[in-house]
Amino acid sequence: MASKEIEKEIPTYITLYKDGTVERPRQTPYAPPSLDENPHVSSKDIIISQNPSISARLYLPKPLPQPQKLPILVYFHGGGFFFESAFSELYHNYFNAFVSQVPVLVVSVEYRLAPEHYLPAGYDDCFAALQWVASHSSNNTSEPWLIDYGDFSRIFIGGDSAGGNIVHNVAMRAGSEALVDGGNVKLLGAIYVHPYFYSSKAIGSESVSEHEKSLGYIVWDFVYPNAAGGIDNPMVNPLAPGAPSLATLGCSKILVCVAGTDNIRDRGVWYYDAVKESGWQGISEIFEEEGEDHVYHIFHPETEKAKKITDRMASFILH
């Protein structure tokens, strides 16, 4: 049998064939939600939108800390905008560990991925998911967990890697667009975990000679091939010429988390410094775990170092 022709690929990560089929060799298996099976956390899947197709997995701690309501964390998973899922074993195990330690209602968003849906589709989906969550503040929408248990004065967004980049873009949009028509629901905080940013100019420890061959460069071209300005599009390079001011971030506080041996560690610090220098009026915090690599806490959520970053995120959310 003749082998299929490759349209484009990022070797070991993703292959798009000319017949339109896609292979994602690093994708972890699907895991079902666990409404009753887990003694510490309940989870269920819900549909946010049929067209475009946006859904989410919700997580609630057990037992519920009555009578007070819970902060809401709207979360965007990592995976380079082209793989992983809110419904994967990797993220399901992570949030079971996270919510068993942090009293928070998590909405883990299933957004559309490239190359079937190039950016900005994923950005639009994630902002729509945040608006959908905020719409429950008026009690006239569909999800009882949000209405019964969610505190709409404490809405947070968070994400890792590509999801951390989505956090930035959603927070910027929240600075210029209302979350609820005619409402006053605001985004309280944003958590960027090992966020993906890039630019045509290498920074920090990045190789100048190999920069255009680096994974950060290649991924952006794969997931947003018609981005105006390419790798200096403001959605991936918030300091690009003509980019909107970071002073317009639409939240009151941010937490940027970086890992010492992560290839994009310097980008997280670069972003944190840029926000502080922008004139933004919020509170900015940074957390670094030395000697750890990219999203170590997602792959190994039960380790002591994973619990340390969870504690840091919990402190940011709860205080």
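How many aromatic pairs does the structure hold? This predicted model has 17 of them, and the close-ups below start there before moving on to charges over rings, the two sheets and a pair of cysteines.

**View 1. Phe81 and Tyr196 meet edge-to-face.** A ring pair like this is described by how far apart the centres are and by the angle of the planes. Here the centres of Phe81 and Tyr196 are 6.1 Å apart, with 65° between the planes. The two come from distant parts of the chain, 115 residues apart: Phe81 sits in the loop between E6 and H1, and Tyr196 in the loop between E9 and H5. Phe81 is buried, at 2% relative accessibility, and Tyr196 is buried too, at 7%. Zoom out a little and you'll find the wider cluster, in which ring pairs link Phe81, Tyr123, Tyr196, Tyr198, Tyr217, Trp220 and Tyr224.

**View 2. Two charged ends sit over aromatic rings.** Lys8 puts its charged end over the ring of Phe222, 4.7 Å from the ring centre. Arg267 does likewise with Trp270, and the distance to that ring centre is 4.7 Å.

**View 3. Three strands make an open antiparallel sheet.** Read across it and the order is E1-E2-E3. E1 (6-10) and E3 (22-23) are at the edges with a single partner strand each, so one side of each has no neighbour in the sheet. Strands of a sheet pair through backbone hydrogen bonds, in a parallel or an antiparallel way. E2 (residues 14-17) and E3 go antiparallel, over two bridges. To find your way around, look for Leu16, whose bridge partner in E3 is Val22. Helix H5 (residues 215-223) lies across E1 and E2, and runs at about 140° to E1.

**View 4. Eight strands line up in an open sheet with mixed pairing.** The order here is E4-E5-E7-E6-E8-E9-E10-E11. E4 (41-49) and E11 (283-289) are the edge strands, each pairing on one side only. Direction ignored, neighbouring strands are turned by 20° against each other on average. One pairing to pick out is E9 (residues 187-193) with E10 (residues 253-259), which is parallel and has five bridges. Within that pairing, Ile191 has Leu255 of E10 as its bridge partner. Helix H2 (residues 121-135) packs on the sheet, where it touches E4, E5, E6, E7, E8 and E9, and its direction makes about 160° with that of E8. Helix H1 (residues 89-101) lies across E4, E5, E6 (70-76), E7 (105-110) and E8 (150-160), at about 35° to E5.

**View 5. Ser55 is tucked into strand E5 as a buried residue.** Strand E5 covers residues 54-61. Is Ser55 buried or exposed? Ser55 comes out at 15% relative accessibility, so it counts as buried, the cut-off being under 20%. Leaving aside residues up to four places away in sequence, Ser55 touches Ile46, Ile47, Ile48, Phe87, Ser108, Val109 and Glu110.

**View 6. Cys251 and Cys257 are both without a disulfide.** There are zero disulfides in the structure. For Cys251, the nearest cysteine sulfur belongs to Cys257, 14 Å away; a disulfide would need the sulfur atoms within 2.5 Å. Cys251 is buried, with a relative accessible area of 8%. Cys257 is buried as well, at 0% relative accessibility.

Definitions and conventions: Residues numbered from 1 in each chain as written. Predicted model: local features only at pLDDT ≥ 70, side-chain atom pairs only at ≥ 80, totals over all residues. Heavy atoms only, no water. Pairing = 2+ DSSP bridges. Helix = DSSP H or I, 4+ residues; strand = E, 2+ residues; numbered from the N terminus. Contact = heavy atoms within 4.5 Å. Axes fitted to C-alpha atoms, helices over the stretch in contact; angles between N-to-C directions. Buried < 20%, exposed > 50% of the residue type's maximum accessible area, 1.4 Å probe, protein only. Phe/Tyr/Trp six-rings, centres within 6.5 Å; stacked < 30°, edge-to-face > 60°. Lys NZ or Arg CZ within 6 Å of the ring centre and 35° of its normal.
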